[in-house]
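Trainee: I would like to learn how to read a structure feature by feature. Could we go through one together?

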Amino acid sequence: MKKAGRSIGYVFGVWGAIAVISGIAALLGYTLFSHFSGEVIAATTAVAAGGILAMISDTMIPEAFEETHDFAGLITVGGFLVAFVLSKLGET
């Protein structure tokens, strides 16, 4: 956004709004899905994860490849590895 000429206020405003809306969506999801079975929650999580992976592969990976070229794949794998380790640390 900064490269596109947007102001700092605009950038922080957009990302701040995204954070607030995400928080509200999480609260609503928690409230609504607390009554559903584990299978419904698992299916919804899988669809959401697929959506995130589609967004990453469509938008972020080409941009990262443009910037880091040879290291984009290694950095991506490292990110997934860190996320996996952190998720397993959270279970203990």
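Trainee: How many aromatic pairs does the structure hold?

Mentor: Please keep in mind that this is a predicted model. The structure holds one aromatic pair, and F33 and F36 are its two members, set edge-to-face with 5.1 Å from centre to centre and 80° between the planes.

Trainee: Why is the pair called edge-to-face?

Mentor: The general idea is that planes over 60 degrees apart count as edge-to-face. In this structure the planes of F33 and F36 are 80° apart, so the pair receives that name.

Trainee: Is F36 buried, exposed or partly exposed, and how should I decide?

Mentor: Residues under 20% relative accessible area count as buried and those over 50% as exposed, with partly exposed in between. F36 is partly exposed because its relative accessibility is 44%, and F33, with a relative accessible area of 27%, is partly exposed too.

Trainee: Which ring does R6 lie over?

Mentor: R6 lies over the face of Y10, at 4.4 Å from the centre of that ring.

Trainee: Where does helix 2 bend, and by how much?

Mentor: Helix 2, which covers residues 38-68, bends by about 40° at M60, and the proline P62 follows within four residues. After helix 2 comes H69, whose phi is positive, near 45°.

Trainee: Which residues make the nonpolar surface patch?

Mentor: Here a general idea about helices is useful: an α-helix has 3.6 residues a turn, so residues three or four places apart point the same way. In this structure, L81, V82, F84, V85, L86 and L89 make a nonpolar surface patch of about 600 Å². One of these residues, V85, has its place in helix 3, residues 72-91, and V85 counts as partly exposed because its relative accessibility is 40%.

Trainee: How far apart are M1 and V14 in sequence and in space?

Mentor: They are 13 residues apart in sequence, while their C-alpha atoms are 10.0 Å apart in space. M1 belongs to the segment before helix 1, and M1 is partly exposed, at a relative accessible area of 40%.

Conventions. Residues are numbered from 1 along each chain as its sequence is written. This is a predicted model: local features need pLDDT of at least 70, side-chain atom pairs count only at pLDDT 80 or more; totals for chains, interfaces and linings use all residues. Side-chain values use heavy atoms; hydrogens and water are left out. Rings of Phe, Tyr and Trp (its six-membered ring) pair if their centres lie within 6.5 Å; planes under 30 degrees apart count as stacked, over 60 as edge-to-face and the rest as tilted. Buried means under 20% relative accessible area, exposed over 50%, partly exposed in between (1.4 Å probe, protein chains only). A charge sits over a ring if NZ of Lys or CZ of Arg is within 6 Å of the ring centre and within 35 degrees of the ring normal. The bend at a residue is the angle between axes fitted to the seven residues ending there and the seven starting there. Helices (H or I, at least four residues) and strands (E, at least two) are DSSP runs, numbered from the N terminus. Patches are made of residues with over 30% relative accessible area and no salt bridge: like charges are joined within 9 Å, nonpolar side chains (Val, Leu, Ile, Met, Phe, Trp, Tyr) within 5 Å. Accessible areas come from the Shrake-Rupley method with a 1.4 Å probe; for residues, only the protein chains shown count as cover. A salt bridge is a side-chain nitrogen of Lys or Arg within 4 Å of a carboxyl oxygen of Asp or Glu.
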